[in-house]
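Dear colleague,

I am passing on a structure that may be new to you. Please look through it first; a short account of what was found in it follows.

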Amino acid sequence: MRLKQSKALSLISLATKAGKTVSGEFSTEKETKSGRAELVIVAEDASDNTKKKFQNMCDFYEVQIYFYKDKDTLGHAMGKEFRASLAVLDAGFAKGIKKQIEDERQTMA
């Protein structure tokens, strides 16, 4: 039985179809540094090095970051293989995704 698809992942999927996300370390970094990233999501199973790099970068550029799900799940939501990092470039989508991740964390807590 498949787990109910999370609303956050559905939104990531929609944002990707709308061309409002970039993924992969290079693109995520580029969009964060250019100020276009509204939200950065890094897989919980990404390397410590990757997590630290994005955490520091997001702190510096004041972009909200979440460590969420795993590379397979994130990639799947984006219709790709696996993705350790992605940036959401649209404020509306970013707001919706943040809310859903927060809600999921409330339910799990």
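**Salt bridges and helix 3**

Lys99 and Asp103 both belong to helix 5 (residues 91-108), where they stand 4 residues apart, about one turn of the helix. Please bear in mind that this is a predicted model. The side chains of Lys99 and Asp103 meet in a salt bridge, with 2.7 Å from N to O. Both partners count as partly exposed: Lys99 has a relative accessibility of 47%, and Asp103 one of 32%.

Salt bridges that share partners also join Glu25, Glu29, Lys33 and Lys53 into one network. Within this network, Glu29 forms a salt bridge with Lys33, and their closest N and O atoms are 2.8 Å apart. Glu29 and Lys33 are separated by about one helical turn, because they are 4 residues apart in helix 2. Lys33 is partly exposed, its relative accessible area being 42%.

Glu29 forms a salt bridge with Lys53 as well, the closest N and O atoms here being 3.0 Å apart. Glu29 lies in helix 2 whereas Lys53 lies in helix 3, so this pair ties together parts that are 24 residues apart in sequence. Lys53, at 30% relative accessibility, counts as partly exposed. The count of salt bridges comes to 6. As a general point, side chains of opposite charge can pair when their charged atoms come close.

I turn next to helix 3 itself. Helix 3 spans residues 48-61, 14 residues, and reaches 20 Å from its first C-alpha to its last, close to the 20 Å expected at 1.5 Å a residue. Which residues of helix 3 are buried? They are Thr50, Phe54, Met57 and Cys58. These buried residues lie on the same side of helix 3, because they cover an arc of only 95° around the axis. On the other side of helix 3, the exposed residues are Asp48, Asn49, Lys52 and Phe60.

What covers the buried residues of helix 3 includes helix 2 (25-34) and three strands: strand 2 (39-42), strand 3 (64-67) and strand 4 (85-88). Helix 2 thus appears twice in this account: as part of that cover, and as the element holding Glu29, the partner of Lys53 in helix 3.

After helix 3 comes Glu62, whose phi is positive, near 55°.

Yours sincerely

Methods: Residues are numbered from 1 along each chain as its sequence is written. This is a predicted model: local features need pLDDT of at least 70, side-chain atom pairs count only at pLDDT 80 or more; totals for chains, interfaces and linings use all residues. Side-chain values use heavy atoms; hydrogens and water are left out. Helices (H or I, at least four residues) and strands (E, at least two) are DSSP runs, numbered from the N terminus. The expected span of a helix is 1.5 Å times one less than its number of residues. Buried means under 20% relative accessible area, exposed over 50%, partly exposed in between (1.4 Å probe, protein chains only). The arc is that of the directions from the helix axis to the C-beta atoms. Contact means heavy atoms within 4.5 Å. A salt bridge is a side-chain nitrogen of Lys or Arg within 4 Å of a carboxyl oxygen of Asp or Glu.
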